[in-house]
Amino acid sequence: MEMMSLEECCEILDSMRIPITASNRKEGIYPYYGANGIQDHVADYIFDDELVLLAEDGGNFGSKTRPIAYRVSGKCWVNNHAHVLKPKEGLNVDFLCYSLMFYNTEGLVNGATRQKLTQTTMRKMLIPNLSIENQLYIVNQLNKLLKIIELRKKEIQQLDNLTKARFVELFGDAIHNDKGWENDTVEKLCKEIYGGGTPSKSHPEYYEDGDIPWVSSKDMKTDVLTDSQIKINQLGVDNSTARMVPINSVIMVIRSGILKHTLPVAINAVPITVNQDLKVFIPNERVLTRFLAIQFKMHEKDILSGVRAVTADNIEFNSLKQRELIVPPIELQQEYVIFLEQIDKSKVAVQKALDETQILFDSLMQKYFG
């Protein structure tokens, strides 16, 4: 395939960029862009065009899911962390963006702590040199798939919103208990609460042919846990502080940098162990497992407000154990859990469609841009 360099097919507008420190920004309606998207909104603009911004430093270099380039349109301001590219005649702006979104920058970026794609290197980057007809054909295919992906994501968000609305309908405000339900502390609603452990890395035999999921914060990306990146064997469990976690327990991350943004909570569908950054909550007969987990998420903002940093971000655990949760009648909890299970079935179907569309999109990106 014939290729062309960015300096051949684009106007490089980097000299027009102007960074503004946060203290000097005047609030306004115009987006202020950096390496990975909108950083702020300001009162003035320096560009008014159809452009592609390509990360210069601090970008998602090497990521297969987070792009290093994105489209901007109309009035905006761009700081000095993103290269500014305007396609010349014969190059479609969307095609340029797709060409660069997941560009392989191995060997092109430098810097140990903050990788940088210099302008000199950027100018030599190569993209396919295709006719405008072929460019538009590719862009139309990819745009259609992206629209479907966004639609599926919105459907999942709507289902999540429905679960929250149903909770409020049945139970009211879980934080302020405006319906006057019986309440009690997390500690008194659990038969047992315990933390995880780590089989010694100096004993590789603890990990050989491991078939027991050893869950870390990196695995806490779903509501239901069935697997983990690292597994240990029974020898590892027997000779460490790691404990087996019975099926249908509540798992929470209590120490991790991700606690700045979210509170990962899940239920395990298979026997697992967890590492020292997680806690296990085994509910007693007064609260259903799923109802306990959903209440933790309802209290997410309040719980995270108390996160403190020591060597890592930590939830203050004694406060968490004393946090009061509502305890509606078990029959009403069961009604809500049945509703959640119905929503789960819908989400599985939508997620399957989303995954299939994403695979198709990724395969076409690989086919066209390698």
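I started with two helices in this predicted model. Helix α4 (residues 132-171) packs against helix α9 (residues 330-369) at an angle of about 165°, and their axes lie 9 Å apart. That angle makes α4 roughly antiparallel to α9, since angles over 145 degrees count that way. I noted that the crossing of α4 and α9 is left-handed. I then sorted the residues of the α4 and α9 contact: 27 nonpolar, seven polar and seven charged.

Next I looked for a salt bridge linking these helices. R166 and E335 meet through their side chains, at 2.9 Å from N to O. R166 sits in α4 and E335 in α9, so the pair ties together parts 169 residues apart in sequence. I checked E335 for exposure: its relative accessible area is 37%, so E335 is partly exposed.

I went on to the other salt bridges. The count came to 23. One of them joins E7 and R123, at 4.0 Å from N to O. E7 is in helix α1 (residues 6-9) and R123 is in helix α3 (residues 119-123), so this pair ties together parts 116 residues apart in sequence. E7, R123 and K124 form one network through salt bridges that share partners.

I also looked up K86 and D49, whose closest N and O atoms are 2.9 Å apart in a salt bridge. K86 belongs to strand β7 (residues 82-87) and D49 to strand β5 (residues 47-55), 37 residues apart.

Last, I asked: is helix α6 (residues 289-298) enclosed or open? Seven of its 10 residues are buried, so α6 is largely enclosed by the rest of the structure. Among the buried ones I listed F291, L292 and F296.

Definitions and conventions:
Residues numbered from 1 in each chain as written. Predicted model: local features only at pLDDT ≥ 70, side-chain atom pairs only at ≥ 80, totals over all residues. Heavy atoms only, no water. Axes fitted to C-alpha atoms, helices over the stretch in contact; angles between N-to-C directions. Helix = DSSP H or I, 4+ residues; strand = E, 2+ residues; numbered from the N terminus. Parallel < 35°, antiparallel > 145°, perpendicular 65-115°, else oblique. Left-handed = near helix turned anticlockwise from the far one by under 90°. Nonpolar A, V, L, I, M, F, W, Y, C, P; charged D, E, K, R; others polar. Buried < 20%, exposed > 50% of the residue type's maximum accessible area, 1.4 Å probe, protein only.
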